[in-house]
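Colleague: I should be grateful for a close look at a single part of this model. Please choose one strand and describe its surroundings in full.

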Amino acid sequence: MKGLVSVVIPLYNKESYIIQTLQSVMNQTYANLECVIIDDGSTDQSFTLVSKFIEENNLPWTLISQPNSGQTRARNHGIHRARGEYIAFLDGDDLWPTEKIELQVHALEKNPGSVLVLSTYAIFSEGNSNQRVVRHRKSKKMNANWLNMRGFGGGLESLGLVRKSTLDQIGLFDESLSTSSGLDLSLRLERVGKILLLPRIGLYY
């Protein structure tokens, strides 16, 4: 069996979206995965909905509640609790197509010098059928534009798949940062290996 993938989801007040997000994880064609959801002190029904979803679907997933500490600390808490060889990140209001994990794991296995897999992604909004597709072809240019706030970033926080061993080597998300923690991790990963950019859509944001 291929290596275990741990999906880490920070969760804060996403009761309108989280079940669709979890459904997109459960529907993955890659079977060997676990999901670690860190409820970051939600004040709505997010925790209750997730707990019910896990129970009703008899899933061996982990749901953890912590006082509100911010998304970066929540992600790091999830990584510490993860058991997988690979770590995949996903926000509580985003969706994956069914083959996302399978394609990314295959890409990492095929390219042992790579440290991170990202994919093309689509941006959509409720009540609007139009989508904007974001496609990057070169990781250095992607990170440079992301750093300079030109265009769209790499979407690591909902798209990224990394080896746990790489995070053990370079460290986790910088907890002194918030919205830029994904960029910071992407830049540090680029220093130690190759970032793969897959052409297939891997996220609906």
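Modeller: The account below concerns strand β2 and its neighbours in this predicted model.

Strand β2 comprises residues 33–40, and eight of its eight residues are buried, so the strand is largely enclosed by the rest of the structure. In a regular strand, side chains alternate between the two faces of the sheet. In β2 both of these faces are covered. One side carries L33, C35, I37 and D39, while E34, V36, I38 and D40 lie on the other, and all of them are buried. The term buried here denotes a relative accessible area under 20%.

Two strands pair with β2. Strand β1, residues 5–11, is joined to β2 in the parallel sense over seven bridges. Within this pairing, I9 has I37 of β2 as its bridge partner. The connection from β1 to β2 passes through helix α1, residues 18–26, and forms a right-handed β-α-β crossover.

The other partner is strand β3, residues 62–66, which runs parallel to β2 and is linked to it by five bridges. Here I38 stands opposite I64 of β3. Helix α2, residues 46–56, belongs with β2 and β3 to a β-α-β unit that is likewise right-handed.

The residues named in these two pairings can be placed on the faces described above: I37 is on the side of L33, C35 and D39, whereas I38 is on the side of E34, V36 and D40. Strand β2 thus pairs in parallel with β1 and with β3, and both of its faces are covered.

Note on methods
Residues numbered from 1 in each chain as written. Predicted model: local features only at pLDDT ≥ 70, side-chain atom pairs only at ≥ 80, totals over all residues. Heavy atoms only, no water. Buried < 20%, exposed > 50% of the residue type's maximum accessible area, 1.4 Å probe, protein only. Helix = DSSP H or I, 4+ residues; strand = E, 2+ residues; numbered from the N terminus. Pairing = 2+ DSSP bridges. Right-handed = clockwise from strand over helix to strand, strands pointing away.
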